[in-house]
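Reader: I would like to learn how to read a ligand site and the sheet beside it in a model of this kind. Could we begin with the residues around the ligand?

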Amino acid sequence: MQFLVTGAAGFLGSALANRLAREGNSVRGLDDLSTGDPSILAPSVNFTRGDINDRPKLWTLLQGVDCVYHLAARVLVPESILYPREYDKVNVGGTVALMEAMHDVGVRRVVFISSGAIYGDQSRQPVSEEAIPQPRSPYAVSKLAAEYYVRTIGRLWGIETVCLRVFNAYGPGQALPPVHPPVIPNFLRQAAQEGTLVVHGDGNQTRDYVHLDDVLNAMSAASTAAGVNDRVINVGSGLETSVRELIRHVREITGKNPEVVYNPRNDKGPARLCADLKLAKELLGYSPAVSLEVGLRNTFEMDPRLQAREINEK
Ligand code: NAD
């Protein structure tokens with residue numbers, strides 16, 4: 001098949017593009033490199049630098065494409081609180097631009113990578129796709145708005161759509177920005193270097209951490225599965241892990257005993273979040289296979305940045 005992956009130089013996009021290419025597909029990648037790094041792409045991925053709102057570029061890249069994986073996005077929750085218009089422009093406007101271009105060119109299917117962040121606070125856990133979203137940040141609003149655009153435009157213009165609500169994905173190669181780095185690579189690196197682990201909250205908040213390999217399996221199934229048109233599907237591990245438990249794993253894997261500082265007033269996220277996977281099992285045959293222990297060890301061992309000697313930020 002011929003694929004276009006947007007956000008192809010990012011953490012999930014690069015792993016997906018490389019996997020699709022390895023499987024013998026023809027793969028084009030688009031990324032503006034605002035945070036991504038194209039050097040991690042296999043030479044067989046045909047990479048173009050460009051903005052998701054650049055419609056002429058989209059038209060060219062979409063010629064002959066069977067399925068688009070749409071991952072290009074601004075992804076930092078705290079940044080979205082400072083710059084909501086930027087998040088709207090890229091995550092919402094860029095998605096609409098892509099849908100318009102797909103319609104013009106006649107592309108059959110789009111798999112949109114949405115986020116478990118759209119759920120916010122939910123009293124019932126694990127959370128199913130039927131829960132009423134309670135987004136807590138402009139990032140979460142932008143992913144939810146983009147979902148609605150994808151599905152509505154898809155229905156009106158006859159494009160098949162699948163929205164995957166990915167929970168907290170982790171694995172080797174995850175972006176480590178100097179400000180607000182994601183919790184797993186940050187804790188592994190800090191612990192390995194005997195730095196301090198700073199927890200936003202009391203550490204009892206739970207998340208659903210899902211390994212890259214499981215996310216890739218779900219994404220792969222979504223491009224060809226039947227009966228998924230217009231569906232929104234959770235992708236997680238189905239397990240709830242508190243930050244305190246995560247720290248126990250990090251200690252074990254790194255063999256270090258770092259200091260932990262709790263900042264209860266800095267906690268801006270929901271108290272609990274865990275994916276109900278019933279629909280993913282039914283529609284995608286999805287069943288997460290990587291346990292947190294194995295996934296964390298794999299992340300630590302496969303990602304040389306996590307063992308680097310210097311800590312650049314506190
Ligand atoms: P990432 O930041 O590594 O990847 C996003 C990519 O999009 C980057 O390479 C960036 O350069 C590119 N990009 C940003 N703005 C662009 C623009 N205007 N035009 C073209 N490209 C642009 O993040 P990721 O973790 O790989 O996330 C990929 C997708 O998955 C995002 O849509 C994100 O919302 C979604 N998602 C990620 C997670 C997770 O835990 N990693 C969870 C849920 C959803």
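Author: In this predicted model, the shell around the ligand comprises, by class, 15 nonpolar, nine polar and five charged residues. The ligand is surrounded by 29 residues, and the closest of these are Leu-12, Asp-31, Leu-71, Tyr-139 and Lys-143.

Reader: Which elements each supply at least two residues of that shell?

Author: These are α1 (11-22), β5 (109-115), α5 (138-157) and β7 (168-170), and β5 gives the most, with three residues.

Reader: Which backbone atoms lie at short range from polar atoms of the ligand, for instance 3.2 Å from a nitrogen atom?

Author: A backbone N or O atom of Asp-32 lies 3.2 Å from a nitrogen atom of the ligand, while a backbone N or O atom of Ser-34 lies 3.4 Å from an oxygen atom of the ligand, and a polar backbone atom of Ala-73 is 3.4 Å from an oxygen atom of the ligand. Of the 820 Å² of accessible area that the ligand has on its own, the protein covers 94%.

Reader: How should I read the sheet, and what is the order of its strands?

Author: Strands of a sheet pair through backbone hydrogen bonds, in either a parallel or an antiparallel sense. Here seven strands form an open sheet with parallel pairing, in the order β3-β2-β1-β4-β5-β6-β11, and its edge strands, β3 (46-49) and β11 (231-235), each pair on one side only. Neighbouring strands of this sheet are turned against each other by 20 degrees on average, direction ignored. The helix α5 packs on the sheet, where α5 touches β5, β6 (160-166) and β11, and the direction of α5 makes about 160 degrees with that of β5.

Notes: Residues are numbered from 1 along each chain as its sequence is written. This is a predicted model: local features need pLDDT of at least 70, side-chain atom pairs count only at pLDDT 80 or more; totals for chains, interfaces and linings use all residues. Side-chain values use heavy atoms; hydrogens and water are left out. A residue is near a molecule or strand if one of its heavy atoms lies within 4 Å of it. A polar contact is a pair of N or O atoms within 3.5 Å; within protein, one must be able to donate a hydrogen and the other to accept it, and residues adjacent in sequence count only if both atoms are side-chain atoms. Accessible areas come from the Shrake-Rupley method with a 1.4 Å probe; for residues, only the protein chains shown count as cover. Helices (H or I, at least four residues) and strands (E, at least two) are DSSP runs, numbered from the N terminus. Ala, Val, Leu, Ile, Met, Phe, Trp, Tyr, Cys and Pro count as nonpolar, Asp, Glu, Lys and Arg as charged, and the others, Gly among them, as polar. Two strands pair if DSSP finds at least two bridges between them. Axes are lines fitted to C-alpha atoms, for helices over the stretch in contact, and angles run from 0 to 180 degrees between N-to-C directions. Contact means heavy atoms within 4.5 Å.
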